[in-house]
Amino acid sequence: QRRVHGDVESAKMMFSTLVGAALGFSLKVQSNLLRRKRVMHEPWEHVVCLVGGAVFANFLANKNDELEKEVKFLRENFVFNRKVLHCNHVSFEYDPLTDQIELRR
């Protein structure tokens, strides 16, 4: 099971790297086309955009994983306990089994 999870993680990171690199490269190509220059004008800028897009996409994928873990932690420890919130003479009750929020007065 752990091995499958690792394969999924590596596939997700590879996919995000490829998509980010493609977006960075296409951004530079579109920029050159809008300025009516050759498509591969100053190729070092293409490499910079390609690498920048890949790094940014990996950052977003890592941040998404961190936020998913945090949400899972919060749901396990706080949200799925039946809670009653009181605010200005109105109380709300959250029921995790039905995923409903009930309003009480």
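**Notebook: lysine 12 and its surroundings**

I began with lysine 12, which is partly exposed because its relative accessibility is 29% (buried means under 20% relative accessible area, exposed over 50%, partly exposed in between, with a 1.4 Å probe and protein chains only). Before going on, I noted that this is a predicted model, in which local features need pLDDT of at least 70, side-chain atom pairs count only at pLDDT 80 or more, and totals for chains, interfaces and linings use all residues. Residues are numbered from 1 along each chain as its sequence is written, and side-chain values use heavy atoms, with hydrogens and water left out.

**Entry: salt bridges**

I searched the whole structure and found four salt bridges (a side-chain nitrogen of Lys or Arg within 4 Å of a carboxyl oxygen of Asp or Glu). Side chains of opposite charge can pair when their charged atoms come close.

Which residue does lysine 12 meet at 2.9 Å, N to O? I found aspartate 65 there, the two side chains forming a salt bridge. This pair joins distant parts of the chain, with lysine 12 in helix H1 and aspartate 65 in helix H2, 53 residues apart (helices are DSSP runs of H or I with at least four residues, strands are runs of E with at least two, and both are numbered from the N terminus). Aspartate 65 counts as buried because its relative accessibility is 11%.

Lysine 12 also forms a salt bridge with glutamate 9, where the closest N and O atoms are 3.9 Å apart. Glutamate 9 and lysine 12 are three residues apart in helix H1, so about one helical turn separates them. I logged glutamate 9 as partly exposed, since its relative accessible area is 25%. Glu9, Lys12 and Asp65 are thus noted as a linked network of salt bridges.

Next I looked at glutamate 45, which has a salt bridge to lysine 28 with the closest N and O atoms 2.4 Å apart. Here too distant parts of the chain are linked: glutamate 45 sits in helix H2 and lysine 28 in helix H1, 17 residues apart. Is lysine 28 buried or exposed? It is buried, because its relative accessibility is 7%.

**Entry: surface and helix H2**

I then turned to the nonpolar patch made by Phe25, Leu33, Val39, Met40, Val47, Leu50, Val51 and Val55, which together have about 660 Å² of accessible area. Helix H1 (2–34) and H2 are the elements that give two or more residues to this patch, and H2 supplies the largest share, four residues. For patches, residues need over 30% relative accessible area and no salt bridge; like charges are joined within 9 Å, nonpolar side chains (Val, Leu, Ile, Met, Phe, Trp, Tyr) within 5 Å. Areas come from the Shrake-Rupley method with a 1.4 Å probe, and for residues only the protein chains shown count as cover.

Valine 55 lies in helix H2 and is exposed, because its relative accessibility is 52%. Phenylalanine 59 is also placed in helix H2 (residues 43–79); at 47% relative accessibility, phenylalanine 59 is partly exposed. I checked its C-alpha distance to serine 16 and got 9.3 Å, with their positions 43 residues apart in sequence.

**Entry: whole protein**

I count two helices and three strands, in the order α-α-β-β-β. Buried residues are 19% of the 105 in the protein. The protein exposes about 8,700 Å², of which carbon and sulfur atoms supply 64%.

How confident is the predictor? The mean pLDDT (confidence in each residue, from 0 to 100) is 81, and 73% of the residues reach 70 or more. Strand S1 (residues 83–87) has the lowest mean among the elements, 54, and H2 the highest, 88.
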